Amino acid sequence: MMDEIDSDDFGRISEILITRKSELERMIVAEKENSAPVELDQSRLGRLSRMDAMQVQAMSQETARRREVEVRKIDAALDRIKSVDYGYCLKCDEPVGKGRLALDPAAPLCIGCAGLAEKKR
């Protein structure tokens, strides 16, 4: 089938995934200081400054959580490449499709199953 990936693509896709994972891990480490606990001493920070700091902290924590989820997706995709299951939908076992994998090399589902999963949310 034309939409299936070739074995030649696996090395290139692995490099893309590993590069993205390294970028994410660097961002997670760099963002740790924004996620640090906010000091509650009002004599040093005014109420609004503390609220701003707490908002920055919450946004940093959510960003870190999303990056960690993406790292786990990448790890799972790399495991699928090693086990030769890469490129096939985890739900229906049909090919995921080159176009979808080009947009998201860590995509675990074909477009049909991904659409069904999204509707269930």
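How much accessible surface does the protein have, and what share of it belongs to carbon and sulfur atoms? Here are my notes, point by point.

1. **Surface and burial.** The accessible surface comes to about 8,600 Å², and carbon and sulfur atoms account for 54% of it. Keep in mind that this is a predicted model. Of the 121 residues in the protein, 30% are buried.

2. **Overall layout.** You'll find four helices and zero strands here, so to speak an α-α-α-α run from the N terminus on. If you take the contacts between residues at least 6 apart in sequence, 53% of them join residues at least 24 apart.

3. **Helix α1.** Try a quick check with a ruler. The 23 residues of α1, at 1.5 Å a residue, should span 33 Å, and the end C-alpha atoms are indeed 33 Å apart, which agrees. The buried residues of this helix include Phe10, Ile13, Leu17, Leu24 and Ile28, but also Asp9 and Glu31.

4. **The cores.** Nonpolar side chains in soluble globular proteins tend to be buried together. In this model, the largest nonpolar core has 16 residues, and Ile5, Ile13, Leu17, Ile74, Ile81, Tyr86 and Leu101 have the most contacts inside it. Helices α1 (9–31) and α2 (47–82) each supply at least two residues of this core. Apart from it lies another core of five residues, among them Leu109, Cys110, Cys113 and Ala114.

5. **Tyr86 up close.** Leaving aside neighbours within four places in sequence, Tyr86 touches a mixed group, including Ile5, Phe10, Ile13, Leu101 and Pro105. Arg80 is another of its contacts.

6. **A charged residue worth a look.** Which residue is buried yet has no salt bridge? That's Arg80, whose nearest side chain of opposite charge, Asp85, is 7.4 Å away. A salt bridge needs the nitrogen and oxygen within 4 Å, so that distance is no surprise for an unpaired residue. Arg80 lies in helix α2, and its contacts beyond four places in sequence include Leu90, Ala106, Ala107 and Pro108.

7. **Salt bridges.** Side chains of opposite charge can pair when their charged atoms come close. The whole structure has eight salt bridges. One joins Asp9 and Arg12 at 3.5 Å, N to O; both sit in helix α1, three residues apart, about one turn of the helix. Asp9 is buried, at 13% relative accessible area, while Arg12 is partly exposed at 46%. Another joins Glu70 and Arg20, with the closest N and O atoms 3.0 Å apart. That pair links distant parts of the chain, with Glu70 in helix α2 and Arg20 in helix α1, 50 residues apart.

Technical notes: Residues numbered from 1 in each chain as written. Predicted model: local features only at pLDDT ≥ 70, side-chain atom pairs only at ≥ 80, totals over all residues. Heavy atoms only, no water. Buried < 20%, exposed > 50% of the residue type's maximum accessible area, 1.4 Å probe, protein only. Contact = heavy atoms within 4.5 Å. Areas by Shrake-Rupley, 256 points an atom, 1.4 Å probe, with all protein chains shown as cover. Core = buried A, V, L, I, M, F, W, Y, C linked by side-chain atoms within 4.5 Å. Lys, Arg positive; Asp, Glu negative; His and termini not counted. Expected span 1.5 Å × (residues − 1).
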